[in-house]
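Q: Hi! Could you walk me through the charged and aromatic contacts in this one?

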Amino acid sequence: MLQALRRFLDALPAKLKEEDKGKHMVWSFWLTMLALLMLPTPAALAMVLLIGLAKECWDFRYGSGFCLFDMAANLIGIAAAQLLWQLLLLSGTILLSVGRT
């Protein structure tokens, strides 16, 4: 198991350079930013993660197959959006209504 994880992590930098993985990162980033505008943070992050998972399940059934590298790219896009969101909140660029987490 540890060797499989090591192989996955070793291959990840090269895989992330593929055009498809870039699309996963960009779509996940913007979907997360949009979701964060409308939902509490945990719900927004979960929703975008589930959208990515649903897309991979669709690929498994009808497309090129389930790809863990695609899911990793989704997670990177989600994490980047969350980081930017937190920086915008800290800088005061985004003002949210009272009671919003």
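**Salt bridges and ring pairs**

A: Happy to. Let's start in helix 3 (residues 41–62), which holds both Lys55 and Asp59, four residues apart or about one turn of the helix. Keep in mind that this is a predicted model.

Q: What do the side chains of Lys55 and Asp59 do?

A: The two side chains meet in a salt bridge, at 2.5 Å from N to O.

Q: Is Asp59 buried or exposed?

A: Asp59 counts as buried, because its relative accessibility is 5% and the cut-off for buried is under 20%. Its partner Lys55 is partly exposed, with a relative accessible area of 37%.

Q: OK, and how many salt bridges does the structure hold?

A: Six salt bridges.

Q: Which residues are joined into one network by salt bridges that share partners?

A: Lys15, Glu18, Asp20, Lys21 and Asp70. One of the contacts there is between the side chains of Lys21 and Glu18, a salt bridge of 3.3 Å from N to O.

Q: How accessible is Lys21?

A: Lys21 has 6% relative accessibility and counts as buried. Glu18, on the other side of that bridge, is at 33% and counts as partly exposed.

Q: What about helix 2, which residues there lie four apart?

A: Glu19 and Lys23, about one turn of the helix from each other, in helix 2 (residues 19–38). Their side chains also meet in a salt bridge, this one at 3.6 Å, N to O. Glu19 is exposed, with a relative accessible area of 61%, while Lys23 is partly exposed at 48%.

Q: Switching to rings: how many aromatic pairs does a search of the whole structure find?

A: Three aromatic pairs turn up. In one of them, the ring centres of Phe29 and Trp30 are 4.9 Å apart and the planes stand at 90 degrees, so the pair is edge-to-face.

Q: And is Phe29 buried or exposed?

A: Phe29 counts as buried, at 17% relative accessibility. Trp30 is exposed, with a relative accessible area of 55%.

Q: Why is the pair of Trp58 and Tyr62 called tilted?

A: Because the planes of the Trp58 and Tyr62 rings are at 45 degrees, and a pair counts as tilted when the angle is neither under 30 degrees nor over 60. The ring centres of Trp58 and Tyr62 lie 5.6 Å apart.

Q: Where do Trp58 and Tyr62 lie?

A: Both are in helix 3, four residues apart, about one turn of the helix. Tyr62 counts as exposed, at 56% relative accessibility.

Terms used:
Residues are numbered from 1 along each chain as its sequence is written. This is a predicted model: local features need pLDDT of at least 70, side-chain atom pairs count only at pLDDT 80 or more; totals for chains, interfaces and linings use all residues. Side-chain values use heavy atoms; hydrogens and water are left out. A salt bridge is a side-chain nitrogen of Lys or Arg within 4 Å of a carboxyl oxygen of Asp or Glu. Buried means under 20% relative accessible area, exposed over 50%, partly exposed in between (1.4 Å probe, protein chains only). Helices (H or I, at least four residues) and strands (E, at least two) are DSSP runs, numbered from the N terminus. Rings of Phe, Tyr and Trp (its six-membered ring) pair if their centres lie within 6.5 Å; planes under 30 degrees apart count as stacked, over 60 as edge-to-face and the rest as tilted.
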